[in-house]
Amino acid sequence: MKAQTDTPGRETTYIGAVSEAVRSILIEQDEAFVAGEDVAGAGGVFGSFRGLLDEFGDRRIVDTPISEEGIVGLGVGAAATGLRPIIDIMFMDFMGECMDEIANQMAKMRYMFGGSATLPITVLTMSGGGINMAAQHSQSLEAWICHLPGLKVVAPSTPYDTKGLIISAARDNNPVFVVMNKLSLRNRGPVPEEPYEVPIGSANVVREGTDVTVVTYSRMVGEAEKAAETLAGEEISAEVIDLRSLQPLDTESILESVRKTNRAVVVHEAVRFGGLGGEIASQIQEHAFDYLDAPVTRVGAPFSPVPFSPVLEQAYLPNAIKIASEVRELFS
Amino acid sequence: MDLSDSTLLDIHRRMVRIRTFETEAGKLAEAGKIPGALHLYVGQEAIAAGVMSQLSNQDWITSTHRGHGHLIAKGGEFGPMFAELYGRATGYCKGKGGSMHISNMDLGMLGANGIVGAGPPIAVGAAFTLKYRESDNVTVTFFGDGASNEGSFHEAANMASLYKLPLLFVCENNGYGEYTPQESHQAILDVADRASGYGMPGVVVDGMDAIAVYESVHAAIARAKSGSGPTLLECKTYRFFDHVGVRGMGLAYRTDEELAEWQKRDPIHMFEARLQELGVLSADQAKAIHEEILSAVQRGIEFAESSPMPDPATLLEDVYA
């Protein structure tokens, strides 16, 4: 489904879209509050919450100790008892500090309790490399949380989708992780001023094509679009799908495209082995095998921690060149 | 403090309800009728009863893997509790949680928990809600000596004290983290000492004495409601049954003499003796209460055994709201 992004004249940054979305939810829902490290006085280390403390006060914008397990537990307990927490986990690498509260509590409480608990939690977190933050502040760990029944996971690539998906997440009655991308924070794009939703579970065809489908999300959408531009000059017409939502996954949109193009490459910044690409490739082969003219292949990071040195990091990260090269292989 | 006769009898009833339920549940587990693992609360009844006799359904608790006693004391009914242990559709969790996740949101019980130490951070959230809404209620988080070594406890203690939340940390120190004695898992004798590191009072309580528990909880609730923040109450107690299941004697990790010594201070026997002294409850009256509760437990078992199994079609229900 093509998103409505044609509000004339008004643009904001990706990070500005975060602030706008959170602000609109705080206005809309008395039960909503923000908790996390440096969210109040500092406005968030990425600026996501700038100005919110002045507007909403410290009852609703809550600085926490550096205690991720405590922060997520606060979210779980507050949500189960009737509030609608917006929890900030600054870098998704820090999920290691709070994985029990995510995996064993947040994801499972409703099911374990036979449906009697409802957990409307929004978790905002940052993923991705490219800013020389090395191995513990650059990972793309979305596969960890997509594997947990009970959680929803979205990963916006544009300011428009960021605002719309955060609003959808905060209005949803389930735990939703909004996995954002650090290198995209200053990207600008059209964003309507009023609140709007981008539906969770709905992919977006960002470029139409006929020869191959590139399935991707988050920052790799831009890289895939660049690759598609290059390939167009080589008479390869690539369709680019921005998944936007990783759990649930819009399998139908992927299959519809692959049935048309007969080829698919799945691209993500996360480590290739055990990443979502394997799941998506498998689903394509299960449901559209007869339509395929080539194996479904994957582009992802190599099986290595994210390196520090800018030279090594650039060698590590997937990009448009690597995507184009992988696509060409399908036609050789 | 002077407790009214009705309060004393209320505490007694809660303790006997727990003891009877757990004893019968243990027999059923040994007979192979209940699937999975049971962590039974026998020996620790004075704590749940002393706390819960002062809470309403609007007060929240988080529990532990040894959670049946907490739910019973919070008002849990035998029928849907046994049904949950049996994995039946009529259980409190529709058979999806079992012993380790038994819960009842309407009673303010945020679940037993299979993860040691996972409750305190959730309790911080529940207490946060109470403060956010300017409610006059409190949250109580139960945990063991073993859980007091988990980082989650320390993060929760710091946050609760920092935010002055209406929260009670009730440590049920039964002397063992699973099978490891306290002296082998922590370098302190009193978990209550940990409170000072978080700027809250820490109190050591005789966890076999329901009145002592009641009194210390009463003070901690008053402090919580006054806006002064949490208290850590360490209730010294003992597990009469094993970590899992029933078998009490003849286990390598603790001596039979140690168990026998603690059983001399059985919380229900001591409390009944006290109630007799006070002229509140005669031996005959106590016997009648035990019998009445036993038949209620038996009705609960019958309810569970005659309840339907969950329909496999419900497997994927309630993964999401």
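A contact here means heavy atoms within 4.5 Å. Keep that cut-off at hand for this tour of a predicted model.

**Start with chain A as a whole.** Select chain A and show it as a cartoon: you can trace 12 helices and 14 strands. The radius of gyration of chain A is 19 Å, close to the 20 Å that the globule rule gives for 332 residues, so chain A is as compact as a globular protein of that length. Along the principal axes, its C-alpha atoms fill a box of roughly 60 × 45 × 40 Å.

**Turn on the surface.** Chain A exposes about 12,400 Å², and carbon and sulfur atoms supply 51% of this area. Now color the charges: there are 26 positive and 45 negative ones in chain A, with mean positions 2 Å apart.

**Go inside.** Of the 332 residues in chain A, 62% are buried. If you draw contacts between residues at least 6 apart in sequence, 82% of those in chain A join residues at least 24 apart.

**Select the largest nonpolar core.** This core has 84 residues, and those with the most contacts inside it are Ile102(A), Ile145(A), Phe177(A), Leu243(A) and Phe169(B). Next, pick helix α5 of chain B, residues 119-132, which gives the most to this core, with 8 residues.

**Zoom in on Phe177(A).** What does Phe177(A) touch, leaving aside residues up to four places away in sequence? Show Met95(A), Ile102(A), Met106(A), Val123(A), Ile145(A), Leu151(A), Lys152(A), Val153(A) and Val154(A) to see its partners.

**Last stop.** Select Ile34(B), Leu38(B), Ile47(B) and Ile221(B), which are included in a second, separate core of 74 residues.

Notes
Residues numbered from 1 in each chain as written. Chains lettered and ligands numbered in written order. Predicted model: local features only at pLDDT ≥ 70, side-chain atom pairs only at ≥ 80, totals over all residues. Heavy atoms only, no water. Helix = DSSP H or I, 4+ residues; strand = E, 2+ residues; numbered from the N terminus. Rg over C-alpha atoms; globule rule 2.2 N^0.38 Å. Buried < 20%, exposed > 50% of the residue type's maximum accessible area, 1.4 Å probe, protein only. Areas by Shrake-Rupley, 256 points an atom, 1.4 Å probe, with all protein chains shown as cover. Lys, Arg positive; Asp, Glu negative; His and termini not counted. Charge placed at Lys NZ, Arg CZ, Asp CG, Glu CD. Core = buried A, V, L, I, M, F, W, Y, C linked by side-chain atoms within 4.5 Å.
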